[in-house]
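User: Please take a close look at a single part of this structure and explain it step by step. After that, please place it beside other parts of the chain.

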Amino acid sequence: MKMHFCIPVSQQRSDALGGRYVLYSVYLDGFLFCRVRYSQLHGWNEQLRRVFGNCLPPFPPKYYLAMTTAMADERRDQLEQYLQNVTMDPNVLRSDVFTEFLKLAQLNTFNIATKKACLDIFLPNEQSIKIEIITSDTAERVLEVVSYKIGLCRELLGYFGLFLIRFGKEGKLSVVKKLADFELPYVSLGSSEVENCKVGLRKWYMDPSLDSMLMDCSVAVDLLYMQAIQDIEKGWAKPTEAQRQKLEAFQKEDNQTKFLELAREVQHYGYLQLDPCTCDYPEPGSGAVLSVGNNEISCCITLPDSQTQDIVFQMSRVKCWQVTFLGTPLDTDGPQTTLNQNLELRFQYSEDSCWQWFVIYTKQAFLLSSCLKKMISEKMVKLAAENTEMQIEVLEQSKSKKYHIQQSQQKDYSSFLSRKSKIKIAKDDCVFGNIKEEDL
């Protein structure tokens with residue numbers, strides 16, 4: 001599936017010889033990832049093409065005459081589409097050509113030298129471990145270092161991920177974003193502009209039944225146990241009073257196995273809860289708290305009379321979704337490095353044989369989209385296991401297990417729309433009725 005790359009702005013710059021060039025601000029999951037020139041991206045595409053041939057998406061052509069404003073906007077849109085499409089190929093994502101270019105782009109954008117450094121990684125019990133890294137180490141590499149330090153079985157790395165996590169007042173916890181494998185945690189943390197933000201280790205799967213794959217590794221069980229306790233304490237998982245008493249008893253006995261067995265029966269166990277946000281149901285501006293996991297989106301909506309209503313959307317009935325940036329154009333020369341103040345995620349849902357759009361306004365729209373994609377990929381793995389004729393390749397769940405899916409079966413259910421696209425859609429609401437999941 002496509003990654004959440006976008007290029008909302010570009011800037012005209014002058015080089016040392018007085019020439020003019022365009023610098024593109026590339027955002028990943030709503031945060032500034034790097035700034036690059038067209039010539040840099042063109043050279044990178046040539047390197048990728050020498051390795052992968054014509055299987056790459058088309059790259060925007062060179063212009064040998066001065067570009068008009070319309071041509072410049074078109075190139076920016078084309079570069080954005082290229083970045084989104086090139087990341088759909090897992091072989092490209094794993095390649096050194098792909099990773100090395102993006103590593104250098106991140107370092108240069110934020111003026112970070114390649115050097116030794118220390119990085120604190122917070123565990124689910126909110127205690128941290130200090131590891132020695134290189135500033136150019138990717139999240140994938142940092143996760144390997146963490147696993148070695150705590151003794152986590154290497155073959156289970158695919159079930160965990162590194163996240164930017166904000167620790168708020170009164171013990172509140174907010175997951176800001178999942179770090180992509182090729183991101184540099186040291187750079188992303190320093191450039192995030194999020195107060196009290198840390199790099200944290202959490203499990204990265206949405207299907208609670210996958211816990212069973214980790215139970216033979218004592219360190220993995222420790223991590224699951226820590227996260228389960230944290231989720232219950234933060235109110236993300238919601239045990240009944242009887243369940244809570246039994247869980248407390250198991251916790252006093254330090255009986256992790258029994259604790260986790262019961263925890264899996266708790267409402268919203270293993271779900272990721274978003275910060276309070278707003279939605280358009282039952283009317284625009286309604287407050288909502290979303291929990292995502294186990295193939296569903298669970299919404300606790302505050303009604304106008306201050307009563308609450310729980311609504312559950314099953315992923316099997318979600319056709320597609322899109323993230324849209326609603327904010328005003330960014331200050332092209334300002335310090336802003338995040339898009340997440342003004343985002344919406346809308347998904348198309350089947351109810352009573354009728355497709356409807358449900359809109360959520362949240363600064364965590366990209367994180368929510370990542371969770372939806374994760375649930376779909378896990379569902380595809382299950383279908384592959386149940387149907388031996390279907391072959392599917394999944395890299396995130398377990399890097400030691402490979403499946404294959406025919407190209408005709410690959411669909412991307414998500415998309416990112418710039419503010420420009422949003423304005424266009426607002427003028428012609430019937431566009432939504434024509435969107436197909438193959439188009440997203």
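Analyst: Two strands are said to pair if DSSP finds at least two bridges between them. With this rule, the part chosen here can be read strand by strand; the model is a predicted one.

The chosen part is an open sheet of three strands, in the order β1-β2-β3, with antiparallel pairing. Strands of a sheet pair through backbone hydrogen bonds, and the pairing may be parallel or antiparallel. At the edges of this sheet stand β1 (5-14) and β3 (31-37), each of which pairs on one side only. On average, neighbouring strands of the sheet are turned by 25° against each other, direction ignored.

Consider next the pairing of β1 with β2. The two strands run antiparallel, and eight bridges join β1 to β2 (residues 20-28). One position shows how the residues face each other: S14 stands opposite R20 in β2.

The sheet also has a helix beside it. Helix α2 (residues 69-86) lies across β1 and β2 and runs at about 135° to β1. A further helix, α1 (residues 38-52), has an axis that comes within 12 Å of the axis of α2, and the two cross at roughly 35°. This crossing of α1 and α2 is left-handed. On the side of α1, the meeting residues are Y38, L41, W44, N45 and L48, and on the side of α2 they are R75, L79, Y82, L83 and V86. By class, the residues of this contact divide into eight nonpolar, one polar and one charged.

With that part described, other regions of the chain may be set beside it. The protein chain as a whole comes to 12 helices and 17 strands. It has 440 residues, of which 52% count as buried. Among contacts between residues at least 6 apart in sequence, 59% join residues at least 24 apart.

Another group of strands is centred, for this account, on β11. Strand β11 (residues 286-293) is mostly covered, with six of its eight residues buried. Three bridges link β11 with strand β10 (residues 277-279) in the antiparallel sense, and here C279 has S286 as its bridge partner in β11. The hairpin of β10 and β11 has six residues between the strands, and G285 takes a positive phi near 90° there. Strand β9 (residues 272-273) is joined to β11 by two bridges and runs antiparallel to it; Q273 is the residue whose bridge partner in β11 is S291. Strand β12 (residues 296-302) pairs with β11 over seven bridges, again in the antiparallel sense. S291 has S298 as its bridge partner in β12. Two residues lie between β11 and β12 in their hairpin, and N294 in the turn has a positive phi of about 50°.

A helix pair elsewhere can be read in the way used for α1 and α2. Helix α7 (residues 218-233) and helix α9 (residues 256-263) pack at an angle of about 50°, and their axes are 10 Å apart. Because of that angle, α7 is oblique to α9. The crossing of α7 and α9 is left-handed. From α7, the residues V221, D222, L224, Y225, A228, I229 and I232 make the contact, while α9 supplies Q256, F259 and L260. Sorted by class, the contact of α7 with α9 has eight nonpolar, one polar and one charged residues.

Key:
Residues numbered from 1 in each chain as written. Predicted model: local features only at pLDDT ≥ 70, side-chain atom pairs only at ≥ 80, totals over all residues. Heavy atoms only, no water. Axes fitted to C-alpha atoms, helices over the stretch in contact; angles between N-to-C directions. Helix = DSSP H or I, 4+ residues; strand = E, 2+ residues; numbered from the N terminus. Parallel < 35°, antiparallel > 145°, perpendicular 65-115°, else oblique. Left-handed = near helix turned anticlockwise from the far one by under 90°. Contact = heavy atoms within 4.5 Å. Nonpolar A, V, L, I, M, F, W, Y, C, P; charged D, E, K, R; others polar. Buried < 20%, exposed > 50% of the residue type's maximum accessible area, 1.4 Å probe, protein only.
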